[in-house]
Amino acid sequence: MNRRPEHLTAREEDILRAIRRSIQDRGEALSVRQLAREIGLRSPASVAYHLVNLEERGALVRDGRSWQTCRLTG
């Protein structure tokens, strides 16, 4: 399922936007902690929850074990 889901929450859109910006600027995605800071969440676990949902829905794919190795599919 390598296509972008039709409906994403505002928080998921924020996360994808931050990942896209990071990949363009640095060549890799932010860590979960960095993403939490970037989008204004206190808990890295909240970000990880959204990342797993995005991965399951096909919006991003991890190339390794770390979220910093993810790439966007859409």
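This passage describes helix packing, salt bridges, the nonpolar core and two buried residues in a predicted model.

Helix 1 spans residues 10-26, and helix 2 spans residues 32-39. Their axes come within 10 Å. They cross at roughly 115 degrees. The crossing is right-handed. On the side of helix 1, the contact involves Arg11, Asp14, Ile15, Ala18, Ile19, Arg21 and Arg26. Helix 2 contributes Gln34, Leu35, Glu38 and Ile39. Sorted by class, this contact has five nonpolar residues, five charged residues and one polar residue.

Charged side chains also pair up. The structure holds six salt bridges, and three of them are described here. One joins Glu38 to Arg21, with an N to O distance of 3.2 Å. This pair links distant parts of the chain. Glu38 belongs to helix 2, Arg21 belongs to helix 1, and 17 residues separate them. Both residues also appear in the contact between the two helices. Glu38 is partly exposed, at 44% relative accessibility. Arg21 is partly exposed as well, at 38%.

Another salt bridge lies within helix 1. Arg17 pairs with Asp14, and their closest N and O atoms are 2.8 Å apart. These two residues are separated by about one helical turn, because they are three residues apart in helix 1. Arg17 has a relative accessible area of 41%, so it counts as partly exposed. Asp14 is also partly exposed, at 28% relative accessibility. Asp14 has a further role in the packing, as one of the helix 1 residues that meet helix 2.

A further salt bridge connects Glu55 and Arg62. Here the closest N and O atoms are 3.3 Å apart. Glu55 is partly exposed, with a relative accessible area of 27%. Arg62 is partly exposed too, with a value of 28%.

Attention now turns to the nonpolar interior. The largest nonpolar core has 19 residues. Within this core, Ile15, Ile19, Leu35, Val47, Leu51, Leu54 and Leu60 touch the most other members. Helix 1, helix 2 and helix 3 (44-56) each supply at least two residues. Some core residues also take part in the helix packing described above. Ile15 and Ile19 in helix 1, together with Leu35 in helix 2, are among the residues at that contact.

Leu60 illustrates the contacts of one core member. Residues up to four places away in sequence are not counted here. Leu60 then touches Leu16, Ile19, Leu51, Leu54 and Glu55, among others. Its other contacts are Trp67, Cys70, Arg71, Leu72 and Thr73. Glu55 is thus listed twice in this account: Glu55 touches Leu60, and Glu55 forms the salt bridge with Arg62.

Two further residues are buried. Ser22 is found in helix 1. Ser22 counts as buried because its relative accessible area is 5%, and the cut-off for buried is under 20%. Beyond four places in sequence, Ser22 touches Gly27, Glu28, Ala29 and Leu30.

His50 lies in helix 3. With a relative accessible area of 16%, His50 is therefore buried under the 20% cut-off. Leaving aside neighbours within four places in sequence, His50 is in contact with Arg11, Glu12 and Ile15. Of these partners, Arg11 and Ile15 also meet helix 2. Ile15 is, in addition, one of the core residues that touch the most other members.

Methods:
Residues numbered from 1 in each chain as written. Predicted model: local features only at pLDDT ≥ 70, side-chain atom pairs only at ≥ 80, totals over all residues. Heavy atoms only, no water. Axes fitted to C-alpha atoms, helices over the stretch in contact; angles between N-to-C directions. Helix = DSSP H or I, 4+ residues; strand = E, 2+ residues; numbered from the N terminus. Left-handed = near helix turned anticlockwise from the far one by under 90°. Contact = heavy atoms within 4.5 Å. Nonpolar A, V, L, I, M, F, W, Y, C, P; charged D, E, K, R; others polar. Salt bridge = Lys/Arg side-chain N within 4 Å of Asp/Glu carboxyl O. Buried < 20%, exposed > 50% of the residue type's maximum accessible area, 1.4 Å probe, protein only. Core = buried A, V, L, I, M, F, W, Y, C linked by side-chain atoms within 4.5 Å.
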